Amino acid sequence: MAVWVHIADVSAYVRPDSPLDREARRRGTSVYVPGTVEPMLPTQLSGDACSLVAGRDRPAVTAEIELRGAQVTKAAFYRS
């Protein structure tokens, strides 16, 4: 079985070791609970520019993962 995972590439908006990058690393991830979210990035980025939106070109990173049961047999990662 193959699984493809696409995630927004925020590197165009977040420079390495900038205050924004340090805060995002401190948070680690966005936290979702019913009815609300605490985003890893400011809402202006996480809710628009750094979100994958149908029909709109966005920089992304793709992971192609091949599985045999629960075992990963092959993985490839690239900008998309």
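In this short talk I will go through the surface, the largest pocket and the salt bridges of the structure shown above, which is a predicted model.

Let me begin with the surface, where Met1, Val3 and Val5 together make a nonpolar patch of about 270 Å². Val5, one of these three, is found in strand β1, which covers residues 2-8, and Val5 is partly exposed, with a relative accessible area of 40%.

If you now look at strand β4, residues 60-68, you will find Glu66 in it, and Glu66 also counts as partly exposed, at 37% relative accessibility. What is the distance in space between Glu66 and Ala2, C-alpha to C-alpha? Although 64 residues separate Glu66 and Ala2 in sequence, their C-alpha atoms are 4.4 Å apart in space.

Next comes the largest pocket, in which there is about 370 Å³ of space. The pocket is lined by 16 residues, and those closest to its centre are Ile7, Val10, Ser30, Met40 and Cys50. When we sort the lining by residue type, we count 11 nonpolar residues, four polar ones and one charged one.

Met40, which I have just named among the residues closest to the pocket centre, can be compared in position with Asp21, for the two are 19 residues apart in sequence and 9.7 Å apart in space, C-alpha to C-alpha. Asp21 lies in helix α1, residues 19-27. Is Asp21 buried or exposed? Asp21 counts as buried because its relative accessibility is 17%, and the cut-off for buried is under 20%.

That helix brings me to the salt bridges, and here it helps to remember that side chains of opposite charge can pair when their charged atoms come close. The count for this model comes to nine salt bridges.

Glu23 takes part in more than a single pairing, so to speak, and I will describe its partners in turn. With Arg26, Glu23 forms a salt bridge whose closest N and O atoms are 2.7 Å apart, and the two residues both lie in helix α1, three residues apart, which is about one turn of the helix. Arg26 is exposed, at 60% relative accessible area, whereas Glu23 is partly exposed, at 28%.

Glu23 also meets Arg27 in a salt bridge, at 2.9 Å from N to O, and because these two are four residues apart in helix α1, about one helical turn separates them. Arg27 counts as partly exposed, at 32% relative accessibility.

Finally, salt bridges with shared partners join Asp17, Asp21, Arg22 and Arg25 into one network. Within it, Asp17 pairs with Arg25, with the closest N and O atoms 3.2 Å apart.

Key
Residues numbered from 1 in each chain as written. Predicted model: local features only at pLDDT ≥ 70, side-chain atom pairs only at ≥ 80, totals over all residues. Heavy atoms only, no water. Patch = residues over 30% accessible without salt bridge, like charges linked within 9 Å, V, L, I, M, F, W, Y side chains within 5 Å. Areas by Shrake-Rupley, 256 points an atom, 1.4 Å probe, with all protein chains shown as cover. Salt bridge = Lys/Arg side-chain N within 4 Å of Asp/Glu carboxyl O. Buried < 20%, exposed > 50% of the residue type's maximum accessible area, 1.4 Å probe, protein only. 1 Å grid on protein atoms, 1.4 Å probe; cavity = no way out; pocket = protein on both sides within 12 Å on 5 of 7 lines; lining within 4 Å. Points joined across faces, edges and corners; volume = space filled by probe spheres on them. Nonpolar A, V, L, I, M, F, W, Y, C, P; charged D, E, K, R; others polar.
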